[in-house]
Protein chains: 2
Amino acid sequence: MRSLHIIKIGGNVIDNSENLYHFLKDFTALEGDKILVHGGGKVATQLSETLGIEAKLVDGRRITDIETLRVVTMVYGGLINKNIVAQLQRFGTNAIGLTGADGNFIRTKKRPVKTIDYGFVGDIDSGSINPENISRLLDAGFTPVFCAITHDGEGQLLNTNADTIASALAVSLARLYETTLIYCFEKAGVLHDINDEDSIIRDINPERYQELKEQQIIHSGMLPKLDNAFSAIACGVKSVIIGKSDDLSRLQQKQPFGTRLSN
Amino acid sequence: MRSLHIIKIGGNVIDNSENLYHFLKDFTALEGDKILVHGGGKVATQLSETLGIEAKLVDGRRITDIETLRVVTMVYGGLINKNIVAQLQRFGTNAIGLTGADGNFIRTKKRPVKTIDYGFVGDIDSGSINPENISRLLDAGFTPVFCAITHDGEGQLLNTNADTIASALAVSLARLYETTLIYCFEKAGVLHDINDEDSIIRDINPERYQELKEQQIIHSGMLPKLDNAFSAIACGVKSVIIGKSDDLSRLQQKQPFGTRLSN
């Protein structure tokens, strides 16, 4: 089975042009089939402010109204995505920038209104991704670059969390590839001591995860991230790596990179 | 040799959601391999105005400064392109929305500064398009939808005229396909009498074109359009059709559609 890397970057990489430059260079050096998923960053918020669109929050949860959807379609799908693609082409990666509407790659369902109407937000379910469809693009020699926009198949674009997209792609493509899912974030990995970047825990399996939770070494913000990672592993993803974008070149050099979660 | 239709739509279709809806439905009904190329429309101008970016003109020619490039990347590459793709998916066309940076499909050269600095404008030359690359995407079952953004291969996005992109695609792909290039515009075709939409001249070959010019039936604004069309035909494009987007369904029904230019 061929291997496939699915790498997600967020605002901390996108908002810093130097970080982004180095990351995209290292991404290009990574051999084999790969997919990039990127989040938003500050530009969408800045553009919304300039346009006088107020961020709408209900019970602390962000709402995607039609104006915000227009902004994220422009910024994620246009400005950020196409600049990343142009940079990758410069380095020699034959990238194609995509939303989930393109190629019908990610079809989601508009979140139903219960207590809160989240607006134009699309939720992924088990039927959202057609792995054969994406595999045809990979086989044709292209490297997909996904932004956090999907569609409902009825002509409506929707806003979808980039972490969830990355995870769903990894699970869905695990039928055809040995998939490794990589989340790039601010820290070098899961740390024993939050103040010591050198205290990376290199490997965590489900048993060790239980111990680390019981010892309260892993807590608060990291818990949902790791819970999701182990769910993906339970669904067939070979491993999930949490690390720093600066360190990605270590992966290609077979050096320790971030924290690897696996069975 | 397989046939390929390359269809270009401009602001008159994009700015009117009803026109666009019908056009995309008819585009979907058109059998065989096809590529859509779309221009801009009013949204980019409106967004520029809202953001306080002044349209820069030198000697009546529009300049693409860095701010304007950001706007067109957002609007053409994001908002318009991805909404067209979502609509096409709804109708059953497996569309993928692209700039020339994606897949390295259209690589241009930043226009050199002579008397005027046009800014971030990319000029197409004979080496700009790799037809095999686009053919791989068509063969994988996807329908490319190009906006009027290209790249220089060095990481820089550039603004390129959509008519020129459509023509260059048709010429380049003529090596692999029997290509028909269709320009949708406001009129039903080249008219004998500009005030009579029924006076369509159905077929024009180079000899007839000379006559029509001498009789001053074709003049002013139509001349560069038709000159470019006959250049494309001289370079291997089978025929160029100029017609109204509303009438596209006639093509599928083998009924007369617009004015057909051919050798």
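Here are three short exercises, with worked solutions, on a predicted model.

**Exercise 1.** Decide whether B:His5 is buried or exposed, and find what surrounds this residue.

*Solution.* Start with the secondary structure: B:His5 sits in strand β1 of chain B, which covers residues 3-9. Next, take the relative accessible area, which is 15% for B:His5. The cut-off for buried is under 20%, so B:His5 counts as buried. Finally, list the contacts, setting aside neighbours within four places in sequence: B:His5 touches B:Leu30, B:Glu31, B:Asp33, B:Lys34, B:Ile35, B:Thr180, B:Ile182 and B:Leu251.

**Exercise 2.** Work out how much area chain B and chain A bury between them, and which residues of chain B lose the most.

*Solution.* Begin with the total: the two chains bury about 3100 Å² between them, with 65% of that on carbon and sulfur atoms. Then look at the chain B side, where B:Met74, B:Leu79 and B:Lys82 lose the most area to chain A, together 18% of what that side buries. As for residues, chain B brings 40 to the contact and chain A also brings 40.

**Exercise 3.** Describe the polar links across this interface and the elements of chain B that take part in it.

*Solution.* First, count the salt bridges between the chains: there are two. One joins the side chains of B:Lys82 and A:Asp102, at 2.9 Å from N to O. Second, count the residue pairs in polar contact, with both residues at pLDDT 80 or more: there are 10. Third, turn to the elements: α3 (42-50), α4 (66-91), β5 (95-98) and α5 (131-139) of chain B each supply at least two residues of the side that touches chain A. The largest share, 14 residues, comes from α4(B). Last, sort that side by class: 17 nonpolar, 17 polar and six charged residues.

Note on methods: Residues are numbered from 1 along each chain as its sequence is written. Chains are lettered from A and ligands numbered from 1 in the order in which they are written. This is a predicted model: local features need pLDDT of at least 70, side-chain atom pairs count only at pLDDT 80 or more; totals for chains, interfaces and linings use all residues. Side-chain values use heavy atoms; hydrogens and water are left out. Helices (H or I, at least four residues) and strands (E, at least two) are DSSP runs, numbered from the N terminus. Buried means under 20% relative accessible area, exposed over 50%, partly exposed in between (1.4 Å probe, protein chains only). Contact means heavy atoms within 4.5 Å. Buried area is the accessible area (1.4 Å probe) that two parts lose on being put together, summed over both. A salt bridge is a side-chain nitrogen of Lys or Arg within 4 Å of a carboxyl oxygen of Asp or Glu. A polar contact is a pair of N or O atoms within 3.5 Å; within protein, one must be able to donate a hydrogen and the other to accept it, and residues adjacent in sequence count only if both atoms are side-chain atoms. Ala, Val, Leu, Ile, Met, Phe, Trp, Tyr, Cys and Pro count as nonpolar, Asp, Glu, Lys and Arg as charged, and the others, Gly among them, as polar.
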